[in-house]
Amino acid sequence: MTKKILVATEKPFAKEATELMKAALKDGYEMTFLEKYTSVDEFKAAVKDVDALIIRSDKATKEIMDAAKNLKIIVRAGAGFDNIDLPEATAHGLVAMNTPGQNSNAVAELAIGMMIMIARNNYNGKSGTEIHGKKLGIYGYGNVGRLIGKYAMGFGMEVIAYDPYLTKEVIEATGAKQCTDLDELFGTCHYVSLHCPANDETKNSINMSKMGKMPKGATLVNTARKEVVCEESLKKMLAERPDFKYVADVAPDCAAELKEKYSDRVFFTPKKLGAQTEEANINAGVAAVKQIMDFFETGNKKFQVNK
Ligand code: 3PG
């Protein structure tokens, strides 16, 4: 029986990626696309009889899983899977996967680009600073963090990396220095770039006790999730420290207020853009299709995240 794959993307993949995803399909599979949908009901109707689901930041909730009677596998084409209700996926007997590393370069390039832009005051005409010679602290040294470290070293930055799940050897093999002390990370770096997942432990964890330690002229870079930064602390920090800057993909809830008050010290992408390149969409989208076919044909669950 033909296996049905639904690609449900409120923020669609680039056209080139969808073409290559279709081209990657073997006989015995068919693929449909639900793009730019505006209601959960549309999503529920589209998922009704499919065997596999590919999503981006789309929310895979209990409601969606209840509606998808034939569903066996959900693949988040990307890194973060905080948009999948993992306990519900397990309760529904579903395998949930991500496609780690596939869109990392796009996010790393965005983070470096935002650092340079804010160093020049959002190109507002005023004299700025350079990132060369500055110290960068990377909070979470996974696929994105490591690429940012590599590119930052190319710009002549000093790079230190904090990641409690990695050994000194693994970190230092990349040329970065291991940092085990958050006071050192936030207290000595001109730039701190966040690369942790959003979970109960990390939500609102970047607060005044960390930001407040950042040195004069420091910038906090957030291409992780908006929820990891405490917005009250952010507002306080920007108000009390006229030297402090914040750039993020994606905007905090208080973005309008911050942009009005501090136009040359904050920058927010208009929607989540980190992985929004043709290349990243091709890599993550095609990987998702291949992982699904491999799962059905060989039972491969290498990238399962609800274990
Ligand atoms: C990810 O976790 O992979 C990124 O945040 C990209 O998310 P997106 O696919 O919604 O752009």
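How do the residues of the shell around the ligand divide into nonpolar, polar and charged? Keep in mind that you're looking at a predicted model. In that shell, two residues are nonpolar, four are polar and five are charged.

Let's put names to them. Going along the sequence, the ligand is surrounded by K11, R56, S57, R76, G78, A79, G80, N103, R225, K272 and A275. If you want to find the spot on the model, look for the largest pocket, since that's where the ligand sits.

Now zoom in on a few contacts. The side chain of R56 brings an N or O atom to 2.9 Å from an oxygen atom of the ligand. R76 also takes part through its side chain, with an N or O atom 3.0 Å from a ligand oxygen. With G80 it's the backbone that does the job: a polar backbone atom there is 2.8 Å from an oxygen atom of the ligand. On its own the ligand would expose 320 Å², and the protein buries 93% of that.

Next, the aromatic rings. The model has six aromatic pairs, and one of them is Y29 with F296. Their ring centres are 6.5 Å apart and their planes meet at 40°, so this pair counts as tilted. Y29 belongs to strand β2 (residues 29–35) and F296 to helix α12 (residues 278–298), so the pair ties together parts that are 267 residues apart in sequence.

Definitions and conventions:
Residues numbered from 1 in each chain as written. Predicted model: local features only at pLDDT ≥ 70, side-chain atom pairs only at ≥ 80, totals over all residues. Heavy atoms only, no water. Near = heavy atom within 4 Å. Polar contact = N/O pair within 3.5 Å; in protein donor to acceptor, adjacent residues only side chain to side chain. Areas by Shrake-Rupley, 256 points an atom, 1.4 Å probe, with all protein chains shown as cover. 1 Å grid on protein atoms, 1.4 Å probe; cavity = no way out; pocket = protein on both sides within 12 Å on 5 of 7 lines; lining within 4 Å. Sits in = over half its atoms within 2 Å of the grid points. Nonpolar A, V, L, I, M, F, W, Y, C, P; charged D, E, K, R; others polar. Phe/Tyr/Trp six-rings, centres within 6.5 Å; stacked < 30°, edge-to-face > 60°. Helix = DSSP H or I, 4+ residues; strand = E, 2+ residues; numbered from the N terminus.
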